[in-house]
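Good morning, and thank you for making time for this short presentation. Please look at the structure on the screen before I begin.

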Amino acid sequence: MGMSSLKLLKYVLFFFNLLFWVCGCCILGFGIHLLVQNTYGVLFRNLPFLTLGNVLVIVGSIIMVVAFLGCMGSIKENKCLLMSFFVLLLIILLAEVTLAILLFVYEQKLNTTMMAWDFIQSQLQCCGVNGSSDWTSGPPSSCPSGVNVQVLGMSFALTLNCQIDKTSQALGL
């Protein structure tokens, strides 16, 4: 790899991790907001400490730490920070695979959490994680009828697309 490719890789890694760090800050802030509001109860009766606010605070904190290691490791070209970043991402990947397997194995028991999911969807005015297409047998009644978030995302994508076209034309590409 040439030096210019490595520099590009360095800055791409930095900016993506900076973006993830900002997202982690937002998730952490939203989790703290939910803890202060205390409107969402316990997710599982057997685990009283596992509230939506606590989960978001933990996830936001982990994202912030991992993204910080990626940012600083790439911009400072520090091998120790980059290896720590790699190991933490590997641990997260293994945890996600384990969670996916557990969710598949205990799918029947998870159906009892449907009421909590319905409450969250109605409060946040959302439908599923990626939209109403997440529901194979049709969206539940808790899904809002509007598509506010999707329209906002489409607007952002269209605006960005137009800006990219203008930049490309200005540069003669």
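Which residue follows α2, and is its phi positive or negative? The residue is E77, and its phi is positive, near 55 degrees. I shall return to that part of the chain shortly. I should say at once that this is a predicted model.

Let me begin with the overall picture. The protein chain has 173 residues, of which 17% count as buried. Its secondary structure consists of six helices and two strands. Reading from the N terminus, the order of the elements is α-β-β-α-α-α-α-α. The chain exposes about 13,000 Å², and 71% of that area is supplied by carbon and sulfur atoms. As for contacts with a separation of 6 or more, 46% of them are between residues 24 or more positions apart.

A word on annotation. An unreviewed UniProt entry lists residues 12-35, 47-69 and 81-106 under "transmembrane region". In the model, residues 12-35 are 100% helix and 0% strand, and the end C-alpha atoms of that span lie 34 Å apart. Residues 81-106 are 96% helix and 0% strand, with 37 Å between the end C-alpha atoms.

I turn now to helix α1, which covers residues 3-37. Three places in this helix deserve attention.

The first topic is K10, which belongs to α1. K10 counts as buried because its relative accessible area is 15%, and the cut-off for buried is under 20%. Apart from neighbours within four places in sequence, K10 is in contact with S74, I75 and E77. E77 is the residue from my opening question, the one that follows α2.

The second topic is a pair of rings. How many aromatic pairs does the structure hold? It holds one. F14 and F15 form that pair, in an edge-to-face arrangement, with 5.2 Å from centre to centre and 75 degrees between the planes. F14 is buried, at a relative accessible area of 18%, whereas F15 is exposed, at 51%.

The third topic is N17, also a residue of α1. Is N17 buried or exposed? N17 is buried, since its relative accessible area is 6%. Leaving aside neighbours within four places in sequence, its contacts are V66, A67, G70, C71 and F85.

That brings us to helix α2, residues 52-76. This helix has 25 residues and reaches 36 Å from its first C-alpha to its last, close to the 36 Å expected at 1.5 Å a residue. Its buried residues include L52, G53, L56, G60 and M64. V66, A67, G70 and C71 are also among the buried residues of α2, and these four appear in the contact list of N17.

Two glycines of α2 are worth following. G70 lies in this helix and is buried, with a relative accessible area of 0%. G70 and N17 are 53 residues apart in sequence, yet their C-alpha atoms are 5.9 Å apart in space. Not counting residues up to four places away in sequence, G70 touches L13, N17 and F85.

The other glycine is G73, likewise found in α2. G73 counts as buried because its relative accessibility is 0%. What does G73 touch, if we set aside residues up to four places away in sequence? The partners are N78, L81 and L82. In addition, the C-alpha atoms of G73 and S84, eleven residues apart along the chain, are separated by 8.8 Å.

One of those partners, N78, leads us to the next helix. N78 caps the N-terminal end of α3, with a side-chain oxygen 2.9 Å from the backbone nitrogen of C80. Helix α3 itself comprises residues 79-105. Its 27 residues should span 39 Å at 1.5 Å a residue, and its end C-alpha atoms are 39 Å apart, so the two values agree.

To close, I would draw the threads together. N17 of α1 is in contact with G70 and F85, and G70 in turn touches L13, N17 and F85. Further along α2, S74 and I75 are in contact with K10, while G73 touches N78, the residue that caps α3. Thank you for your attention.

Key:
Residues are numbered from 1 along each chain as its sequence is written. This is a predicted model: local features need pLDDT of at least 70, side-chain atom pairs count only at pLDDT 80 or more; totals for chains, interfaces and linings use all residues. Side-chain values use heavy atoms; hydrogens and water are left out. UniProt positions are given in the numbering used here, feature names are shortened, and annotations may be inferred rather than shown by experiment. Helices (H or I, at least four residues) and strands (E, at least two) are DSSP runs, numbered from the N terminus. The expected span of a helix is 1.5 Å times one less than its number of residues. A polar contact is a pair of N or O atoms within 3.5 Å; within protein, one must be able to donate a hydrogen and the other to accept it, and residues adjacent in sequence count only if both atoms are side-chain atoms. Buried means under 20% relative accessible area, exposed over 50%, partly exposed in between (1.4 Å probe, protein chains only). Contact means heavy atoms within 4.5 Å. Rings of Phe, Tyr and Trp (its six-membered ring) pair if their centres lie within 6.5 Å; planes under 30 degrees apart count as stacked, over 60 as edge-to-face and the rest as tilted. Accessible areas come from the Shrake-Rupley method with a 1.4 Å probe; for residues, only the protein chains shown count as cover.
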